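Visitor: I would like to go through this model with you. Could you put it up, please?

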Amino acid sequence: MSVQWAVVTGASGGIGLECARVLAQRGYNLVLVARSASNLESAQKALATPNLKIVTIRLNLASPEAPAKLVEQTDALGIIPDVLVNNAGVGCHGKFFDTPLPEQITMLRLNTEALIALSHLYGKKMRERKHGYILQVASTAAFQPIPYMGLYAATKSLVVSFSRSLNFEYQAQGVTSTVLCPGPTATKFFDEAKFTPGKEFSQLMMTADVVARKGIDAMFARRDIYVAGTFNKIVTFFPRFVPVKFIMNSMEKVMK
Ligand SMILES: NC(=O)c1ccc[n+]([C@@H]2O[C@H](COP(=O)([O-])OP(=O)(O)OC[C@H]3O[C@@H](n4cnc5c(N)ncnc54)[C@H](OP(=O)(O)O)[C@@H]3O)[C@@H](O)[C@H]2O)c1
């Protein structure tokens, strides 16, 4: 059997590192992508086993040219991934006018443009081989507007909508796109987003390893969408039947 590779973005910590761990256990060689060289090195050490090949690539995926650079580097190594995990993403907490625009644009580029570009660049290679799995990491934030994290929620709505149509278009040709929607998960995400979760959030936190395992299972089962956790499944179903104003009033209490 030929050597199988997985590219995981945001693989230096949190959900991405756990996705990489699950893929390594399933025998995939890994390309780990993130910005911090030292965190990538720690991830590589943590995942290393005798037969596993691990390549680390340091890139800021929020820069417009980064996705093409990543593909150039994997091409140069002769790597065509069977799996792409588009996980790298950040949040940005605060009222819109009071949050610096560059931070918001960086989030928008990372959470959407980079994910779209990598889906296009690697997805076409997968289609040529009639085989490939893409896991897009969105969020339960995708299912309703979220005051004080409005643009973040909007980026994740885009990911859900985009992934589902991508999956529909190419599943018959052997390439699937599964969108994973985690709810609150214990990672550095909230620190990076400058948001201190209250008691309500903390009680609902899942661990990154459980979220990753469920997400990777859903991807290999070629599921269209997977919401992690029973409570989160209920929370994402509910907004269809409730006025948006009511949802936003309730959200404000936990997000402010
Ligand atoms: N934690 C939650 O509650 C939660 C809930 C729903 C969805 N999610 C989603 O899950 C995904 C992973 O988040 P997480 O919770 O695991 O957060 P995390 O622990 O902060 O991990 C984020 C990862 O992305 C990398 N990253 C950040 N900015 C990057 C950039 N510009 N270019 C390349 N890599 C970058 C980070 O490494 P470097 O800093 O070294 O670049 C790190 O490896 C995100 O898409 C997030 O929106 C998280």
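Visitor: How many nonpolar, polar and charged residues are in the shell around the ligand?

Guide: By class, the shell has 13 nonpolar, 13 polar and three charged residues. Here Ala, Val, Leu, Ile, Met, Phe, Trp, Tyr, Cys and Pro count as nonpolar, Asp, Glu, Lys and Arg as charged, and the others, Gly among them, as polar. The model is a predicted one, in which local features need pLDDT of at least 70 and side-chain atom pairs count only at pLDDT 80 or more, while totals for chains, interfaces and linings use all residues. Residues are numbered from 1 along each chain as its sequence is written.

Visitor: Which residues are the closest to the ligand?

Guide: The closest are Gly10, Gly14, Arg35, Ser36 and Gly89, out of 29 residues that surround the ligand. A residue is near the ligand if its C-beta atom, placed from the backbone, lies within 6 Å of it.

Visitor: And which elements give two or more residues to that shell?

Guide: Those elements are H1 and helix H6 (189-192). H1 gives the most, with three residues. Helices (H or I, at least four residues) and strands (E, at least two) are DSSP runs, numbered from the N terminus.

Visitor: Let us stay with H1. How far does H1 reach from its first C-alpha to its last?

Guide: H1 covers residues 14-25, has 12 residues and reaches 17 Å, close to the 16 Å expected at 1.5 Å a residue. The expected span is 1.5 Å times one less than the number of residues.

Visitor: Is H1 mostly covered or hardly covered?

Guide: H1 is mostly covered, with 11 of its 12 residues buried. The buried residues include Gly14, Glu18, Cys19 and Arg21. A residue is buried if 20 or more other C-beta atoms lie within 10 Å of its own, exposed if 12 or fewer, and partly exposed in between, with C-beta atoms placed from the backbone. Just after H1, Gly27 takes a positive phi of about 90°.

Visitor: What about H10, mostly covered or hardly covered?

Guide: H10 is hardly covered: the count of buried residues among its 12 residues is zero. H10 spans residues 244-255 and reaches 16 Å from its first C-alpha to its last, close to the 16 Å expected.

Visitor: Turning to the core, which members touch the most others?

Guide: In the largest nonpolar core, which has 62 residues, they are Val8, Ala20, Leu23 and Leu32. The largest share of this core, eight residues, comes from helix H4 (residues 101-129). Such a core is a set of buried Ala, Val, Leu, Ile, Met, Phe, Trp, Tyr and Cys residues joined through C-beta atoms within 7 Å.

Visitor: What does Leu32 touch?

Guide: Not counting residues up to four places away in sequence, Leu32 touches Val8, Ala11, Ser12, Ala20, Leu40, Ala43, Gln44, Ile54 and Thr56. Two residues are in contact if their C-beta atoms, placed from the backbone, lie within 7 Å.

Visitor: Where does Thr187 lie?

Guide: Thr187 lies in the loop between strand E7 (185-186) and H6. Thr187 is buried, because 20 other C-beta atoms are within 10 Å. Beyond residues up to four places away in sequence, Thr187 touches Gly13, Gly14, Ile15 and Ala208. The C-alpha atoms of Thr187 and Ala208, 21 residues apart along the chain, are separated by 6.9 Å.

Visitor: Which residues does Arg164 contact, leaving aside its neighbours within four places in sequence?

Guide: Arg164 is in contact with Val179, Asp224 and Ile225. Its place is in helix H5, and Arg164 is partly exposed, with 16 other C-beta atoms within 10 Å. Arg164 and Asp224 are 60 residues apart along the chain, and their C-alpha atoms are separated by 6.2 Å.

Visitor: What phi does Tyr148 have?

Guide: Tyr148 has a positive phi of about 75° although it is not a glycine. Tyr148 lies in the loop between strand E5 (132-137) and helix H5 (150-170). Arg222 is not a glycine either and has a positive phi of about 55°; its place is in the loop between helix H8 (208-220) and strand E9 (225-227).

Visitor: Finally, how many helices and strands does the protein have?

Guide: The secondary structure comes to 10 helices and nine strands. Of the 256 residues, 39% count as buried.
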